[in-house]
Amino acid sequence: MEKFILEACVDSVESAIAAAKGGADRLELCQNLLIGGTTPVPWLFQEIRRYTNIRIHVLIRPRFGDFCYTDYEFDLICDAVQAFHELGAEGIVIGILKPDGTLDMERMKILMEKKGDMSVTLHRAFDVCADPFAAMEQAIDLGIDTILTSGQEDTCILGKDLIKKLVKKSAGRISIQAGSSVDAGVIHDMYEYTGAAAYHMSGKIVLNSLMEHRNKNLNMGGPGIDEYEIWRTDENKIKEARRVLDKLQQR
């Protein structure tokens with residue numbers, strides 16, 4: 001049986017420590033999880049390394065929004081891949097599309113050459129590509145290890161039909177990792193239906209800021225963003241998901 005993988009998406013030292021204690025196999029390290037995640041600063045990576053030796057896959061995404069990048073943005077992506085390789089990251093999480101929604105093979109090949117010995121995950125650029133089956137075959141040809149996907153829907157539950165088809169068509173040539181709204185409550189049914197053995201979750205809880213003085217007349221983020229809420233990974237949510245996966249592994 002394929003080994004079950006639990007990946008925790010984190011954007012802070014506190015969340016990384018909680019995920020490691022909860023039993024995650026690896027981290028997807030980013031910043032700005034509230035807007036889908038962007039490339040983390042190197043010193044966040046280094047600080048997490050001070051407290052845990054968990055495997056770290058670094059999200060390389062220069063901004064929020066789509067995945068069609070300018071030459072300047074691509075240069076930033078290349079620099080980040082090199083920087084995190086030098087820092088000792090075990091993996092990178094990348095994805096670049098052309099305006100027509102196809103995988104930008106020319107640029108992806110450049111990144112694959114720069115990755116060194118790091119593992120590579122194709123992130124949810126896959127979920128907005130024009131043809132997921134063609135993109136999967138291209139990812140396999142590139143030598144990418146994992147595709148992170150919600151089945152091109154808002155949640156993996158809604159996208160379970162596509163995930164099932166991807167798992168079947170991949171035939172073990174690439175890992176199909178289910179993400180978006182993953183928790184202990186959905187993993188068992190997702191596995192039974194799709195056969196996916198890799199899962200990606202944040203396990204987040206929303207904490208109240210320690211700030212006592214608050215200016216409610218000012219908002220420095222986008223509409224609906226509360227300046228006094230903090231997202232953190234909950235160790236217990238990771239533990240619950242780990243228990244489900246371990247039971248599946250033992251069958």
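How do the residues of the lining of the largest pocket divide into nonpolar, polar and charged, and how many fall in each group? In this predicted model, the answer is nine nonpolar, seven polar and five charged. The largest pocket holds about 590 Å³ of space. Its lining is made of 21 residues, and those closest to the pocket centre are Leu33, Gly36, Arg124, Ser180 and His200.

A closed space can be considered alongside this open one. The count comes to one cavity of 30 Å³ or more, and the space in the largest cavity is about 40 Å³. Its walls are formed by Cys9, Val10, Asp11, Ser15, Leu33, Lys204, Trp231, Arg232 and Thr233. By residue class, this lining divides into four nonpolar, two polar and three charged. Two strands, β1 (5–10) and β10 (229–233), each supply at least two of the lining residues. The largest share, three residues, comes from β10. Leu33 deserves a second look here, since Leu33 is listed in the lining of the cavity and also among the residues closest to the centre of the largest pocket.

The backbone offers two points of interest. Asn32 is not a glycine, yet has a positive phi of about 60°. This residue sits in the loop between β2 (26–29) and α2 (42–51), and with a relative accessibility of 43% Asn32 counts as partly exposed. Ala171, likewise not a glycine, has a positive phi of about 50°. Its place is the loop between α6 (160–170) and β7 (175–179). The relative accessibility of Ala171 is 60%, so this residue counts as exposed.

Attention turns next to the aromatic side chains, which form two pairs in the structure. In one of them, the ring centres of Phe4 and Tyr191 are 4.9 Å apart and the ring planes meet at 70°, which makes the pair edge-to-face because planes over 60 degrees apart fall in that class. Phe4 belongs to the segment before β1 and Tyr191 to helix α7 (residues 184–194), so that the pair links distant parts of the chain, 187 residues apart. Phe4 is buried at 1% relative accessibility, and Tyr191 is buried too, at 15%. The other pair brings together Phe45 and Phe84, with ring centres 5.9 Å apart and planes at 65°, and is therefore also edge-to-face. Here helix α2, which holds Phe45, is linked with helix α3 (residues 71–87), which holds Phe84, and the two residues are 39 apart in the chain. Both of these phenylalanines are buried.

Aromatic rings also have charged neighbours. Lys160 lies over the face of Tyr193, at 4.7 Å from the ring centre. In a second case, the charged end of Lys169 is placed over the ring of Phe133, 5.7 Å from the centre of that ring.

Salt bridges number 14 in the structure. One of them joins Arg26 to Glu7, with the closest N and O atoms 2.7 Å apart. Because Arg26 lies in strand β2 and Glu7 in strand β1, this pair ties together parts that are 19 residues apart in sequence. Both ends can be placed against the 20% limit for burial: Arg26 has a relative accessible area of 10% and is therefore buried, and Glu7, at 1%, is buried as well. The salt bridge between Asp66 and Arg63 has its closest N and O atoms 3.0 Å apart. Asp66 is partly exposed, with a relative accessible area of 46%, and Arg63 is partly exposed at 23%.

A further salt bridge is found between Asp246 and Arg242, where the closest N and O atoms are 3.2 Å apart. Both residues lie in helix α8 (residues 235–250), four residues apart, or about one turn of the helix. Asp246 counts as partly exposed at 32% relative accessibility, whereas Arg242 is buried at 12%. This pair does not stand alone: salt bridges with shared partners join Lys3, Asp25, Arg242 and Asp246 into one network.

Definitions and conventions. Residues numbered from 1 in each chain as written. Predicted model: local features only at pLDDT ≥ 70, side-chain atom pairs only at ≥ 80, totals over all residues. Heavy atoms only, no water. 1 Å grid on protein atoms, 1.4 Å probe; cavity = no way out; pocket = protein on both sides within 12 Å on 5 of 7 lines; lining within 4 Å. Points joined across faces, edges and corners; volume = space filled by probe spheres on them. Nonpolar A, V, L, I, M, F, W, Y, C, P; charged D, E, K, R; others polar. Buried < 20%, exposed > 50% of the residue type's maximum accessible area, 1.4 Å probe, protein only. Phe/Tyr/Trp six-rings, centres within 6.5 Å; stacked < 30°, edge-to-face > 60°. Lys NZ or Arg CZ within 6 Å of the ring centre and 35° of its normal. Salt bridge = Lys/Arg side-chain N within 4 Å of Asp/Glu carboxyl O.
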